[in-house]
Amino acid sequence: MKVSLTAALRVFAVVSLATWLCAQQGPGKNSPTKKSAKEGKASASTVSQRPLVLSGSIPLDGVKGRFDHFAFGQGRLFVSALGNNTVEVISIFGGIVERTITGVPNPQGVAFSPEAHKLFVASAKGKLYIYDAESFNLIATLDFEGGADNLRYDAATKRVYVGCGDDEKTAAIAAVDAMTNQRLDEEYKIGGEPESFQLESSGPNIYVNITDLKQIAVINRKTKEITRWPLTGLRMNFPMALDEADHRLFVGIREPARLAVFDTTSGHMIVALPSAEDTDDLYYDAEHKRVYVPGGEGLIYVFQMNDPDHYRFLAKVPTALGGRTAGYFGRQGKGFHRFFLAVPASGGQSAEVRIYTIQE
């Protein structure tokens, strides 16, 4: 009897999550058996070759179209199903969709505030939706001319930063008070539609990809000054990640497909390595000093930092066509270090979030 990939992965997800929960409970009759020395050596060899190992999936039955951004909070993934006009709320430990938030046209960025206990969802149609994170009842909406896309939450100031606008007049990074739901006077006009952006936690800077202008804008929140780093020979700078400790900025380039690494103290580009095609996300793993770049071609490229000035290609992890949107939020407890990839429905297969275990 033939078993579909989706059905097999569902079973795999349940088994994987159950095994993890048993491991968290400590030794007992349900504990996994110890590996033999031979098995241990084989496992170690696999780890060296595959930094990410598929360990399960969470089906998203009925979800159509492409995905956009992820957020994480209180054991839940929040996934913008842009093409489905929904936000999927997923329990990562239960391995199920807990709730589907409807009524958001073309959801894009999502952000979670544990202090305010709220979920913020940006819509390409020009609104920011604010929900109570327990009931998921809508609390308020705010208007943004030209649309709202990426969101970032600053826990120190309890502000949500919004990448908004779509032209020279409206494009900006704006700020919302997460506690009061009010839009603030803090706003930075950047002259072109913002894509991914990153906030420093111990410094004043915001780094912004401005694809149309082929540049990175650096906003100083203290002085309000904006400096610009031009991209030479590179186009379509979409995703971005920050290694604040080592003063490095990672930028995903689509044309040509590259991972570009910048020194944030000088704005100088250190290297541009061949990378995944059609990327819309990338993440930096500070624990292992790796960069994960998922691409719509059906691969995750993994890079290893040897030191802040030197990087090497580590692996290509096969995924699925269209799997270019992902979520990585660091280790979430002993034995639970995961990378999440959204795979759209295709060819009779349902949409799903694939779960990859990060190998040591």
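In the protein chain of this predicted model, residues 24 or more positions apart account for 43% of the contacts with a separation of 6 or more. The secondary structure of the chain comprises two helices and 28 strands. Of the 360 residues, 54% count as buried, and the accessible surface amounts to about 15,800 Å², with 52% of that area belonging to carbon and sulfur atoms.

Two aromatic residues illustrate contacts between positions separated in sequence. Y356 is located in strand β28, which spans residues 351-358, and with a relative accessible area of 1% it is buried, because the limit for that class is under 20%. When residues up to four places away in sequence are left aside, Y356 touches L52, V53, L54 and S55, together with I300, V317, P318 and T319, and also H337, R338, F339 and L341. For one of these partners, F339, the separation from Y356 is 17 residues in sequence and 5.0 Å in space, taken from C-alpha to C-alpha.

F67, by contrast, is placed in a loop, namely the one between β1 (52-60) and β2 (70-73). F67 has a relative accessible area of 3% and is likewise buried. Its contacts, again without residues up to four places away in sequence, include L60, the run V79, S80, A81 and L82, and T325, as well as A342, V343, P344 and A351. The C-alpha atoms of F67 and V343 are separated by 8.0 Å, although the two residues are 276 residues apart along the chain.

Several backbone features fall in loops between consecutively numbered strands. The peptide bond from E255 to P256 is cis, with omega near -15°, and P256 lies in the loop that connects β19 (248-255) with β20 (258-263). Positive phi values in residues other than glycine occur at F136, where phi is near 60°, and at K224, where phi is near 70°. F136 is found in the loop between β8 (127-132) and β9 (138-143), whereas K224 lies in the loop between β16 (215-220) and β17 (226-230). The two residues fall into separate accessibility classes: F136, at 8% relative accessibility, counts as buried, while K224, at 49%, counts as partly exposed.

Turning to charged side chains, the structure holds 15 salt bridges. In one of them, the side chains of E186 and R159 meet at 2.5 Å, N to O. Because E186 lies in strand β13 (residues 182-189) and R159 in strand β11, this pair ties together parts that are 27 residues apart in sequence. E186 counts as buried at 12% relative accessibility, whereas R159, at 27%, counts as partly exposed.

A further salt bridge joins the side chains of K189 and E187, with an N to O distance of 3.4 Å. Both partners are partly exposed, K189 with a relative accessible area of 45% and E187 with 30% relative accessibility. These two residues also belong to a network of salt bridges in which R183, E187 and K189 are linked.

The side chains of D246 and K289 likewise meet in a salt bridge, at 3.0 Å from N to O. D246 lies in the loop between β18 (235-243) and β19, and K289 in the loop between β22 (283-285) and β23 (290-295), so that the pair ties together parts that are 43 residues apart in sequence. K289 is partly exposed, with a relative accessible area of 34%.

Charge also gathers on the surface without such pairing. E145, D166, D167 and E168 form a patch of negative charge there, and residues with a salt bridge are excluded from patches of this kind. D166, one of the members, lies in the loop between β11 (159-164) and β12 (172-177). At 40% relative accessibility, D166 counts as partly exposed, and D166 therefore satisfies the requirement of over 30% relative accessible area that applies to residues of a patch.

Conventions
Residues numbered from 1 in each chain as written. Predicted model: local features only at pLDDT ≥ 70, side-chain atom pairs only at ≥ 80, totals over all residues. Heavy atoms only, no water. Patch = residues over 30% accessible without salt bridge, like charges linked within 9 Å, V, L, I, M, F, W, Y side chains within 5 Å. Areas by Shrake-Rupley, 256 points an atom, 1.4 Å probe, with all protein chains shown as cover. Salt bridge = Lys/Arg side-chain N within 4 Å of Asp/Glu carboxyl O. Lys, Arg positive; Asp, Glu negative; His and termini not counted. Charge placed at Lys NZ, Arg CZ, Asp CG, Glu CD. Helix = DSSP H or I, 4+ residues; strand = E, 2+ residues; numbered from the N terminus. Buried < 20%, exposed > 50% of the residue type's maximum accessible area, 1.4 Å probe, protein only. Contact = heavy atoms within 4.5 Å.
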